[in-house]
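These are my notebook entries on one structure. I record what I looked up, entry by entry.

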Amino acid sequence: MLKDITIGQYFPGTSIIHKLDPRVKIVVVAMFIASLFFVTSFWPYVLIVAFIGTIISVAKLPLKFIIKGLKPLMFIILITFAINLFLTKGEVLLELGPLTITKEGLRQSVFMALRLVFLITGTSLLTLTTSPIALTDGIERLLSPFKKIGLPAHELAMMMTIALRFIPTLLEETDKIMKAQMARGADFESGNILNRAKNLVPLLVPLFINAFRRADELATAMEARCYRGGDGRTRLNELKFRSRDYVVLASMVVFFGLIISTRYLVS
Amino acid sequence: MNEDIMIKIENVSFEYSSFIDESIQLAVKDLSLDVIRGEFLVVLGHNGSGKSTLAKMINGLIMPSKGEIFVNGLNTRDEDKIWDIRSTAGMVFQNPDNQIVATIVEEDVAFGPENLGIPQRELRKRVDDALETVEMTEYKNHAPHLLSGGQKQRVAIAGILAMEPDCIIFDEPTAMLDPVGRLEVMDTIKKLNKEKGKTIILITHFMDEAVEADRVMVLNEGEAVMLGTPKEIFRQVERLKELGLDVPQVTELVFELNNEGYTFRDDVLSVEELVNLL
Ligand SMILES: Nc1ncnc2c1ncn2[C@@H]1O[C@H](COP(=O)(O)OP(=O)(O)O)[C@@H](O)[C@H]1O
Ligand SMILES: [Mg+2]
């Protein structure tokens, strides 16, 4: 049941994309997102599609994985599409009762829907090709310059690691409690929203109590293993920039620089 | 201080105030004990007898209200030495799920020595050696939540081993495991004692796990009421039952037979010994 949920789904592999330093990948995705917001015409989308397509094929990611990632967000994409379609003013193409579709609306809705699709796909490429631990390591190292102004980079990364570590454990536990309650006649699937919410109480209470007990025990175990924050800690797998990381980073800066500049070239 | 003493516990008490009437209660009462280097000590006692409290005091997680504890000659009250104490006397807890920190087995094993600031090359060696010792090398890149209970507990043990402690305290490490997992973990613990020369303090309420100890200490209401070799302890079947404890199955059998008029020796602990007698 609940175990089927895959969070931050990682698709293991040995491609160059998988092996890139997570910091490079995070920075590239940030540039990717930024460039999407700079693009104002359709034709740079060709470059974006080429970028996404290249990564998918080099990393050998199955397309159905990508499409599966889009499904839960389909609703948001459709809403965005509809709002832009009906609410943009301009040259009227079609009137459906109170709703009007304009030429500008049609263009804008397709444009915005594509932007969302690219946004979701691009970011999922990061989590699909980067293991959670590499991702948190990358975030910690990228944020560490901001420690001076009081940003708790190590603590944030440690919290993410522990969350990722305990999500499967807690899901398993939810599953177990749910089954135990169902065996005693609890019903989580029918009735109106109020009833369903009420039925969740006997599920959530033991879950919360257990979660607090777990947190307490984990904190003790971490202390027993000499944990005292990030200072002076060494790492088993230290992140290291290799030549491929420099090459990829440099070419991506040029590539996205180009895409961003299209906004100012064509006007 | 005597070189052969790993842990010295001197007249230690631990007080806490009761939830009900705020009165002062004692979880551990005036307990003294020398744990000898290289020995396998088992601590028995029913629930609430103060076993975990004692273990946490040895590890410097809580401080005694009275008395002193020395680990390798270091007083647990010495805040500058607390990390030395915790890496000298490592601790494995009951629930393997709640002591594994990382999402990959080898990353978790590395957690302790990473905290100690061990340089990377040595870190790699320690992690590989520790996984080898607990026979989990082939799982080093697995996600811990997909392992069996016994495997998870062995990963937790590797995580302590990688800190290279002289002594390991196990607080009911098999209580949440199935019989197979229990055997795996017990075999690992014995191996650490016999082959690696680690001092072991094993807290348990499975009597069968105490049979192979060098010494057994029985706690009751925070007091050390019995201390001796397994043979000396388990022949006192009635005394143990008064304290709410069982005896190993074989001992129980011999005790019942003797009650029926047989005259077997009363210090039989294992099936082999019994077979030899018969
Ligand atoms: N800080 C505390 N607050 C309340 N009760 C405590 C505290 N510390 C220990 N106790 C009590 O002390 C007794 C011994 O606990 P513990 O050492 O966990 O026993 P064991 O591990 O042998 O089951 C228990 O009755 C426990 O409730
Ligand atoms: Mg206990």
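**Entry 1: helix α1 of chain B.** I began at the end of α1(B), where Gly60(B) follows the helix with a positive phi, near 75 degrees. The model I am reading is predicted. I then looked up how far the helix itself is covered. Helix α1 of chain B spans residues 51-58, and six of its eight residues are buried. The buried ones are Lys51(B), Thr53(B), Leu54(B), Ala55(B), Met57(B) and Ile58(B).

**Entry 2: nonpolar cores.** I next asked which residues have the most contacts inside the largest nonpolar core. They are Leu44(B), Val109(B), Phe170(B) and Val218(B), in a core of 50 residues. Helix α5 of chain B, residues 149-161, gives the most to this core, with five residues. A second core of 31 residues is separate, and I noted Ala221(A), Phe14(B), Val28(B) and Ile69(B) among its members. As background, nonpolar side chains in soluble globular proteins tend to be buried together.

I took Val218(B) for a closer look. Beyond its neighbours within four places in sequence, Val218(B) is in contact with Leu44(B), Glu223(B), Ala224(B), Val225(B), Met226(B), Ile233(B), Leu240(B), Leu243(B) and Leu245(B).

**Entry 3: the interface of chains A and B.** How much area do chain B and chain A bury between them? The value is about 3,100 Å², with 54% of it on carbon and sulfur atoms. In chain B, the residues that lose the most area to chain A are Trp83(B), Asn98(B) and Asn115(B), which together make up 21% of what that side buries. The contact draws 39 residues from chain B and 30 residues from chain A.

I then turned to the polar side of this interface. Between the two chains I find 19 residue pairs in polar contact, counting pairs with both residues at pLDDT 80 or more. On the side of chain B that touches chain A, helices α2 (82-88), α3 (105-115), α4 (120-133) and α5 each supply at least two residues. Helix α3(B) gives the most to that side, with ten residues. Sorted by class, the side has 19 nonpolar, twelve polar and eight charged residues.

Six salt bridges cross the interface of chain B and chain A. I looked up the bridge between Arg86(B) and Glu223(A), whose side chains meet at 3.7 Å, N to O. I also recorded a network of salt bridges that links Asp137(A), Arg233(A), Arg235(A), Glu107(B) and Glu114(B).

**Entry 4: Asp97(B).** Is Asp97(B) buried or exposed? Asp97(B) counts as buried because its relative accessibility is 16%, below the 20% limit. The residue lies in the loop between β6 (89-92) and α3 of chain B. Not counting residues up to four places away in sequence, Asp97(B) touches Arg165(A), Phe166(A), Thr169(A), Arg214(A) and Lys152(B). With Lys152(B) there is a polar contact of 3.0 Å between the side chains.

**Entry 5: salt bridges within a chain.** Over all chains the count comes to 31 salt bridges. I examined three pairs that lie within one chain.

In chain B, the side chains of Glu106(B) and Arg124(B) meet in a salt bridge of 3.0 Å, N to O. This pair links distant parts of the chain, with Glu106(B) in helix α3 and Arg124(B) in helix α4, 18 residues apart. Glu106(B) counts as buried at 6% relative accessibility, whereas Arg124(B) is partly exposed at 25%.

Asp267(B) forms a salt bridge with Arg265(B), the closest N and O atoms being 3.1 Å apart. Asp267(B) is buried, with a relative accessible area of 13%, and Arg265(B) is partly exposed at 44%.

In chain A, I found Arg213(A) bridged to Glu217(A), with the closest N and O atoms 3.6 Å apart. Both lie in helix α9, residues 193-224, four residues apart, about one turn of the helix. In general, an α-helix has 3.6 residues a turn, so residues three or four places apart point the same way. Arg213(A) is partly exposed at 38%, and Glu217(A) is partly exposed at 31%.

**Entry 6: Leu94(A).** My final query concerned Leu94(A), found in strand β1 of chain A, residues 92-96. Leu94(A) counts as partly exposed because its relative accessibility is 45%. Leaving aside residues up to four places away in sequence, Leu94(A) touches Leu99(A), Thr100(A) and Ile101(A).

Methods:
Residues are numbered from 1 along each chain as its sequence is written. Chains are lettered from A and ligands numbered from 1 in the order in which they are written. This is a predicted model: local features need pLDDT of at least 70, side-chain atom pairs count only at pLDDT 80 or more; totals for chains, interfaces and linings use all residues. Side-chain values use heavy atoms; hydrogens and water are left out. A nonpolar core is a set of buried Ala, Val, Leu, Ile, Met, Phe, Trp, Tyr and Cys residues joined through side-chain atoms within 4.5 Å. Buried means under 20% relative accessible area, exposed over 50%, partly exposed in between (1.4 Å probe, protein chains only). Contact means heavy atoms within 4.5 Å. Buried area is the accessible area (1.4 Å probe) that two parts lose on being put together, summed over both. A salt bridge is a side-chain nitrogen of Lys or Arg within 4 Å of a carboxyl oxygen of Asp or Glu. A polar contact is a pair of N or O atoms within 3.5 Å; within protein, one must be able to donate a hydrogen and the other to accept it, and residues adjacent in sequence count only if both atoms are side-chain atoms. Ala, Val, Leu, Ile, Met, Phe, Trp, Tyr, Cys and Pro count as nonpolar, Asp, Glu, Lys and Arg as charged, and the others, Gly among them, as polar.
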